[in-house]
Amino acid sequence: MDRVIDVPECRVGGGLQFVWDDDFEIELTVRSTEVVIKANRAGLTSLARHLLTLAQQGVHEGSHIHLTAGQEIESEVDLILERVEEG
């Protein structure tokens with residue numbers, strides 16, 4: 001099965017655009033030695049799109065998406081996905 005995920009193109013000076021699938025659900029649990037991310041299909045696809053958005057050429061180091069506990073994710077802590085430079 002092939003799944004096509006449309007990723008908003010990075011535009012210089014235009015900032016990053018993060019798109020969510022309808023009815024996404026994401027839950028984050030932090031335990032002493034592990035972090036567990038549980039999500040429905042829409043949530044997993046949305047996270048994949050966010051990661052692909054950050055991975056695009058031209059996205060600067062430090063660019064990130066901040067997923068806030070109780071808003072975008074069910075959790076007691078926030079989740080931040082951040083771009084770093086290779087090497």
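A contact here means heavy atoms within 4.5 Å of each other. By that count, among contacts between residues at least 6 apart in sequence, 50% join residues at least 24 apart. The structure in these views is a predicted model.

**View 1. The whole chain holds one helix and four strands.**
From the N terminus on, the elements follow the order β-β-α-β-β. The C-alpha atoms fill a box of roughly 35 × 30 × 25 Å, taken along the principal axes. Of the 87 residues, 28% are buried. The protein exposes about 6,300 Å². Carbon and sulfur atoms supply 47% of that exposed area.

**View 2. Strands β1 and β2 form a hairpin.**
Four residues lie between the two strands. The pairing is antiparallel and runs over five bridges. One position to look for is L28, which stands opposite I37 in β2. The loop between β1 and β2 holds S32. Is S32 buried or exposed? S32 counts as exposed because its relative accessible area is 78%, and the cut-off for exposed is over 50%. From S32, look across to A69. These two residues are 37 apart in sequence. Their C-alpha atoms are 18 Å apart in space.

**View 3. R31 and E34 form a salt bridge.**
The closest N and O atoms of this pair are 2.7 Å apart. A search of the whole structure finds two salt bridges, and the other view of one follows below. R31 has a relative accessible area of 45%, so R31 is partly exposed. E34 is partly exposed too, at 37% relative accessibility.

**View 4. R49 and D21 meet in a salt bridge through their side chains.**
The N to O distance is 2.9 Å. Which parts of the chain does the pair link? R49 sits in helix α1, and D21 sits in the segment before β1. The two are 28 residues apart, and the pair links distant parts of the chain. Both R49 and D21 are buried.

**View 5. D23 has a positive phi although it is not a glycine.**
The phi angle of D23 is about 65°. D23 belongs to the segment before β1, a strand that covers residues 26-30. Is the residue buried or exposed? D23 counts as exposed because its relative accessibility is 66%.

**View 6. Helix α1 spans residues 41-55.**
The helix has 15 residues. From its first C-alpha to its last, α1 reaches 21 Å, close to the 21 Å expected at 1.5 Å a residue. Its buried residues are A42, G43, T45, S46, L47, R49, H50, T53 and L54. An α-helix has 3.6 residues a turn, so residues three or four places apart point the same way. What covers the buried residues of α1? The cover includes β1, β2, β3 and β4.

**View 7. Q57 lies in the loop between α1 and β3.**
Q57 is exposed because its relative accessibility is 78%. Now find E9. Q57 and E9 are 48 residues apart in sequence. In space, the two are 9.7 Å apart, C-alpha to C-alpha.

**View 8. Strands β3 and β4 pair in the antiparallel sense.**
Strand β3 covers residues 64-67, and four bridges join it to β4. Follow L67 across the pair: its bridge partner in β4 is L79. In a regular strand the side chains alternate between the two faces of the sheet. How do the two faces of β4 differ? L79 and L81 make the covered face of this strand, which runs over residues 79-82. I80 and E82 make the uncovered face.

**View 9. V30, V35, I37 and V77 make a nonpolar surface patch.**
The patch has an area of about 320 Å². One of its members, I37, is found in strand β2. I37 is partly exposed because its relative accessible area is 42%. That value lies between the cut-offs, under 20% for buried and over 50% for exposed. I37 also returns us to the hairpin, where L28 stands opposite it.

Notes: Residues numbered from 1 in each chain as written. Predicted model: local features only at pLDDT ≥ 70, side-chain atom pairs only at ≥ 80, totals over all residues. Heavy atoms only, no water. Buried < 20%, exposed > 50% of the residue type's maximum accessible area, 1.4 Å probe, protein only. Pairing = 2+ DSSP bridges. Expected span 1.5 Å × (residues − 1). Patch = residues over 30% accessible without salt bridge, like charges linked within 9 Å, V, L, I, M, F, W, Y side chains within 5 Å. Areas by Shrake-Rupley, 256 points an atom, 1.4 Å probe, with all protein chains shown as cover. Salt bridge = Lys/Arg side-chain N within 4 Å of Asp/Glu carboxyl O.
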